[in-house]
Amino acid sequence: MLSIKKYAAIDIGSNAVRLLISNIIEEKGKPVQFKKNSLVRVPIRLGADVFIKNKISKENTQRILDTMLAFKLLMKSHKVAKYKACATSAMRESKNGKKIVNLVLEHAGISIDVIGGEEEAAIIAATDLNKFIDGNKTYLYVDVGGGSTEFTVIHRGEQVASKSFKIGTVRLLNDMVKKEAWEELQDWIANSVKPYDKIDVLGSGGNINKIFKISGKAMGKPLTYFYLSSYYHQLQSYSYEQRITELSLNQDRADVIIPAMRIYLSAMKWSGSKYIYVPKIGLADGIIKSIYYDTVSSNTQ
């Protein structure tokens with residue numbers, strides 16, 4: 001017996017807002033499959049408001065309302081059975097975050113969970129990472145966002161340490177990350193990986209996905225520290241406009257890609273890693289899994 005349902009995840013980040021619709025394929029005697037059906041990304045950049053003025057602007061409030069209404073209609077068109085919407089650091093830190101959550105519910109009928117950094121890390125790490133990793137190795141998993149970056153140490157398939165840091169691409173663009181925050185991160189990484197001989201980095205987020213695509217590497221193959229460092233310096237030699245016109249980067253990617261690379265390179269350097277694997281997963285994928293497993297557990301209780 002084959003069953004196919006559609007679930008949707010809405011990820012309201014500091015840089016962009018995403019709607020991921022996935023097919024959940026269940027067949028008796030076989031493991032459940034999660035297949036991406038559609039992904040829509042809108043670069044609203046809430047963090048640019050919140051990290052400077054502590055609140056989301058009127059313009060971006062309207063953009064959020066319009067986007068959520070559009071997402072609601074898309075989910076209806078796709079016949080989505082269940083959805084979950086999560087907002088991260090920008091909405092969490094905004095003075096008017098609660099007000100906007102209520103407005104979205106009123107105007108679009110979408111209920112938003114504003115989640116903490118540790119919960120965000122847990123949702124991301126609960127994705128099917130085991131598909132992408134070698135069970136005998138140790139990894140530092142780095143998920144770079146606009147407002148924060150989540151770090152998780154995975155040893156032989158088990159999470160042994162996890163922490164969220166307020167170091168994100170939009171914060172860095174606006175020069176809002178102090179030296180002390182970098183030092184705290186360096187110490188945390190050094191102490192967390194100390195017991196292990198060899199570390200590889202797993203990177204997720206739109207920027208590392210883009211870099212991986214540009215590299216032309218086959219899925220499952222890692223990027224080297226040397227490649228990432230060379231590309232980082234190459235990008236810095238181009239102006240913002242040249243990155244759009246000559247490197248064909250989207251305008252909302254052309255600026256944040258540089259601070260994102262700084263975070264990945266720092267994580268590799270401080271963990272002593274020579275390789276970064278890019279499994280192409282993130283918060284939206286984790287939300288889809290959490291909807292499914294919450295549904296399964298509630299059906300079996």
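**Close-up views of a predicted model**

**Figure 1. Aromatic pairing around Tyr293.** Tyr293 is partly exposed, its relative accessible area being 41%. The coordinates shown in this and every later view belong to a predicted model. Phe34, in contrast, is buried, with a relative accessible area of 16%; this value falls under the 20% cut-off for burial. Phe34, Tyr292 and Tyr293 together make up one aromatic cluster. Across the whole structure, the search returns 9 aromatic pairs. In the pair formed by Phe34 and Tyr293, the ring centres lie 6.3 Å apart and the planes meet at 50 degrees, so the arrangement is classed as tilted. Since Phe34 belongs to strand β3 and Tyr293 to helix α12 (residues 283–300), the pair ties together parts of the chain that are 259 residues apart in sequence.

**Figure 2. The ring pair of Phe165 and Trp188****.** The two ring centres are 6.0 Å apart, and an angle of 65 degrees between the planes makes the pair edge-to-face; the cut-off for that class is over 60 degrees. Phe165 is located in strand β8 and Trp188 in helix α7, so the pair connects parts separated by 23 residues in sequence. Both Phe165 and Trp188 are buried.

**Figure 3. The open sheet and the helices packed on it.** Six strands, in the order β8-β7-β6-β9-β11-β10, build an open sheet with mixed pairing. The edges are occupied by β8 (158–165) and β10 (223–224); each has a single partner strand, so one side of each lacks a neighbour in the sheet. Strands β6 (residues 138–144) and β7 (residues 149–155) run antiparallel and are joined by 7 bridges. Within this pairing, Tyr139 is placed opposite Ile154 of β7. Helix α7 (residues 179–193) packs on the sheet and touches β6, β7, β8 and β9 (199–204), its direction making about 175 degrees with that of β8. Helix α11 also packs on the sheet, where it touches β6, β7, β9, β10 and β11 (275–277); the angle between its direction and that of β6 is about 160 degrees.

**Figure 4. The hairpin of β7 and β8****.** Strands β7 and β8 are antiparallel, with 7 bridges joining them. Ile154 faces Gln159 of β8, the two residues standing opposite each other. The hairpin has 2 residues between its strands, and Arg156 in the turn adopts a positive phi of about 50 degrees.

**Figure 5. The nonpolar cores.** The largest nonpolar core contains 38 residues, of which Leu140, Val142, Phe151, Ile189 and Leu228 touch the most other members. At least two residues of this core come from each of β6, β7, α7, β9, α8 (206–215), α9 (225–236) and α11. The greatest contribution is that of α11, with 10 residues. When neighbours within four places in sequence are set aside, the contacts of Phe151 include Leu140, Val142, Phe165, Leu185, Trp188, Ile189, Ile263 and Ala267. A second, separate core is made of 28 residues, among them Met75, Val80, Ala87 and Ile100.

**Figure 6. Salt bridge between Arg41 and Asp252****.** The closest N and O atoms of Arg41 and Asp252 are 2.6 Å apart. This pair joins distant parts of the chain, 211 residues apart: Arg41 lies in strand β3 (residues 33–42), and Asp252 in the loop between α10 (240–245) and α11 (257–271). Asp252 is buried at 12% relative accessibility, whereas Arg41 is partly exposed at 27%.

**Figure 7. Salt bridges of Arg171 and Lys198****.** The side chains of Arg171 and Glu93 form a salt bridge with an N to O distance of 2.5 Å. Arg171 in helix α6 (residues 169–173) and Glu93 in helix α3 (residues 89–93) are 78 residues apart, and the pair links distant parts of the chain. Arg171 is buried, with 7% relative accessibility, while Glu93 is partly exposed, with 28%. A further salt bridge, at 3.8 Å from N to O, brings together the side chains of Asp200 and Lys198. Asp200 is buried at 2% relative accessible area, whereas Lys198 is exposed at 53%. Through shared partners, salt bridges also connect Glu93, Lys166 and Arg171 into one network.

**Figure 8. Surroundings of Asn96****.** Asn96 is situated in the loop between α3 and α4 (97–108). The residue is buried, at 13% relative accessibility. Apart from residues up to four places away in sequence, Asn96 touches Lys55, Ile56 and Thr61.

Technical notes:
Residues numbered from 1 in each chain as written. Predicted model: local features only at pLDDT ≥ 70, side-chain atom pairs only at ≥ 80, totals over all residues. Heavy atoms only, no water. Salt bridge = Lys/Arg side-chain N within 4 Å of Asp/Glu carboxyl O. Helix = DSSP H or I, 4+ residues; strand = E, 2+ residues; numbered from the N terminus. Buried < 20%, exposed > 50% of the residue type's maximum accessible area, 1.4 Å probe, protein only. Pairing = 2+ DSSP bridges. Contact = heavy atoms within 4.5 Å. Axes fitted to C-alpha atoms, helices over the stretch in contact; angles between N-to-C directions. Core = buried A, V, L, I, M, F, W, Y, C linked by side-chain atoms within 4.5 Å. Phe/Tyr/Trp six-rings, centres within 6.5 Å; stacked < 30°, edge-to-face > 60°.
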